[in-house]
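Please open the model in your viewer and keep the selection panel at hand. The stops below move from strands to loops and then to the ligand.

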Amino acid sequence: TIRLEIADGVARLTLNRPDKLNSFTIQMHGELRQALKQVRQDESVRCLLLSGAGRAFSAGQDLGETGPGERPLDLAQTLDHHYNPLVRSLRDLPFPVVAAVNGVAAGAGANIALACDLVLAGRSARFIQAFSKIGLVPDSGGTWLLPRLVGLQRAMGLCLLGEPLEAEQALAWGLIWKVVDDDALADEASALAARLAALPTVALGLTKRALHDSATHNLDHQLNMERDLQKIAARSEDHAEGVAAFKEKRQPDFKGR
Ligand code: LHQ
């Protein structure tokens with residue numbers, strides 16, 4: 001239900017249940033866990049690119065799925081065991097994660113896209129906080145992330161009404177990084193991932209951590225965090241290479257170490 005290809009520093013992870021709009025099943029979550037473990041352990045990987053096969057990114061939880069013995073799915077347990085670890089592991093990867101949103105991203109599918117570090121969308125992509133339509137609360141980090149990305153009022157409107165937000169509007173609101181033509185999305189996303197994979201990965205991983213954690217820190221705490229992370233970045237080979245390249249007036253050749 002997923003595909004994983006690793007080449008040239010980029011891990012491409014594709015949600016692959018196109019006939020069900022790449023909605024998440026327990027099986028898919030299991031495969032994703034395995035894939036993310038592999039990606040994390042592979043020292044050649046310097047960027048993860050997440051996208052969906054077919055015409056959607058993901059329609060969120062597969063609403064046809066049942067629990068053991070055909071009982072209704074235990075939603076709290078499903079979040080605890082599957083969605084919440086997925087969001088945390090995307091956040092905790094020590095390199096950038098890019099989402100290429102190729103179509104509709106609904107429910108948990110929208111919030112998992114937004115949990116990625118940079119979101120690139122095709123012009124026909126739509127983001128839907130579909131939860132209220134089925135009497136649920138936005139999950140997978142949506143209630144934490146949305147107010148920070150677009151402000152409380154817009155977050156409230158999106159979550160209460162559950163209406164689709166078009167890619168252009170999502171861009172204007174600061175929800176996503178960039179919108180490109182649908183037929184250019186795959187190439188643009190690959191180019192962005194390749195570009196990120198050629199940058200100093202240690203520094204990028206620490207930068208992502210600092211920015212994400214800033215939401216819960218005061219300035220004093222954040223200044224201390226920057227000092228501590230700078231100590232680590234300063235010891236990286238890529239820092240030495242960056243300074244050497246600057247002095248020698250040449251392009252740096254970063255190794256990701
Ligand atoms: C689907 C789905 C889907 C199964 C389309 N499931 N088949 C919940 C529970 C547990 C714990 C964790 O948290 C969550 C979080 C959630 O994610 S709740 C929100 C779940 N998602 C939704 O409510 C979205 C439901 N889908 C839709 O509203 C529409 O399908 C959208 C707006 C995404 C796309 O609309 P269309 O482009 O018109 O496509 P479609 O509706 O015709 O769907 C195509 C096929 O995909 C269709 O199957 P069929 O066999 O009839 O061709 C749909 O039934 C299937 N599909 N979403 N979530």
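Which residues point one way from β5, and which point the other way? Before selecting them, bear in mind that this is a predicted model. Now select strand β5, residues 97-101, and show its side chains: Val-97, Ala-99 and Val-101 point one way, while Val-98 and Ala-100 point the other way, and all are buried. The strand as a whole is mostly covered, with five of its five residues buried.

**The strands beside β5**

Add strand β3, residues 47-52, to the selection, and you will find that it runs parallel to β5 and is joined to it by four bridges. To locate one of the pairings, start from Leu-49, whose bridge partner in β5 is Val-98. Next add strand β7, residues 118-122, which also pairs with β5 in the parallel sense, over four bridges. Here a convenient residue to pick is Val-101, for which the bridge partner in β7 is Ala-121.

With these strands still highlighted, extend the selection to the whole sheet, an open one in which six strands follow the order β1-β2-β3-β5-β7-β10 and the pairing is mixed. Its edge strands, each pairing on one side only, are β1 and β10, the latter spanning residues 178-180. Looking from one strand to the next, you should see a twist that averages 20 degrees.

**The second sheet**

Clear the view and select the other open sheet, whose four strands come in the order β4-β6-β8-β9, again with mixed pairing. At the edges of this sheet lie β4, residues 56-58, and β9, residues 164-166, each of which pairs on one side only. Neighbouring strands here are turned against each other by 20 degrees on average, if direction is ignored. For a detail, zoom in on strand β8, residues 126-128, and on β9: the two run antiparallel and are joined by three bridges. Within this pair, Phe-127 has Leu-165 of β9 as its bridge partner. As background to both sheets, strands pair through backbone hydrogen bonds, either parallel or antiparallel.

**Three residues in loops**

Which residue to inspect in the loop between β1 and β2? Select Asp-8, which is placed in that loop, between β1 (2-7) and β2 (10-15). Its phi is near 50 degrees, a positive value in a residue other than glycine. Because its relative accessible area is 78%, Asp-8 is classed as exposed.

Then move to Ser-140, in the loop between β8 and α4, a helix that covers residues 142-150. Ser-140, too, is not a glycine and has a positive phi, in this case of about 55 degrees. Is Ser-140 buried or exposed? Ser-140 counts as buried because its relative accessibility is 4%, and the cut-off for that class is under 20%.

The third residue, Glu-65, lies in the loop between β4 and α2. With 22% relative accessibility, Glu-65 counts as partly exposed. If you draw a distance from the C-alpha of Glu-65 to that of Ala-194, it should read 36 Å, for two residues that are 129 apart in sequence.

**The ligand**

Finally, select the ligand and expand the selection to its surroundings, which comprise 23 residues, with Arg-55, Ala-59, Gln-61, Leu-63 and Asp-139 coming nearest. Coloured by residue type, this shell divides into 13 nonpolar, five polar and five charged residues. Helix α2, residues 75-92, contributes the largest share of the shell, namely four residues.

Which contacts are worth drawing as dashed lines? One of them goes from an oxygen atom of the ligand to an N or O atom in the side chain of Lys-20, at 3.0 Å. Another links a nitrogen atom of the ligand with a polar backbone atom of Leu-63, at 2.9 Å. A further one, at 2.5 Å, runs from a ligand oxygen atom to an N or O atom in the side chain of Asp-139. To end the tour, switch on the molecular surface: taken alone the ligand exposes 1000 Å², and the protein buries 67% of that.

Note on methods:
Residues numbered from 1 in each chain as written. Predicted model: local features only at pLDDT ≥ 70, side-chain atom pairs only at ≥ 80, totals over all residues. Heavy atoms only, no water. Near = heavy atom within 4 Å. Polar contact = N/O pair within 3.5 Å; in protein donor to acceptor, adjacent residues only side chain to side chain. Areas by Shrake-Rupley, 256 points an atom, 1.4 Å probe, with all protein chains shown as cover. Nonpolar A, V, L, I, M, F, W, Y, C, P; charged D, E, K, R; others polar. Pairing = 2+ DSSP bridges. Axes fitted to C-alpha atoms, helices over the stretch in contact; angles between N-to-C directions. Buried < 20%, exposed > 50% of the residue type's maximum accessible area, 1.4 Å probe, protein only.
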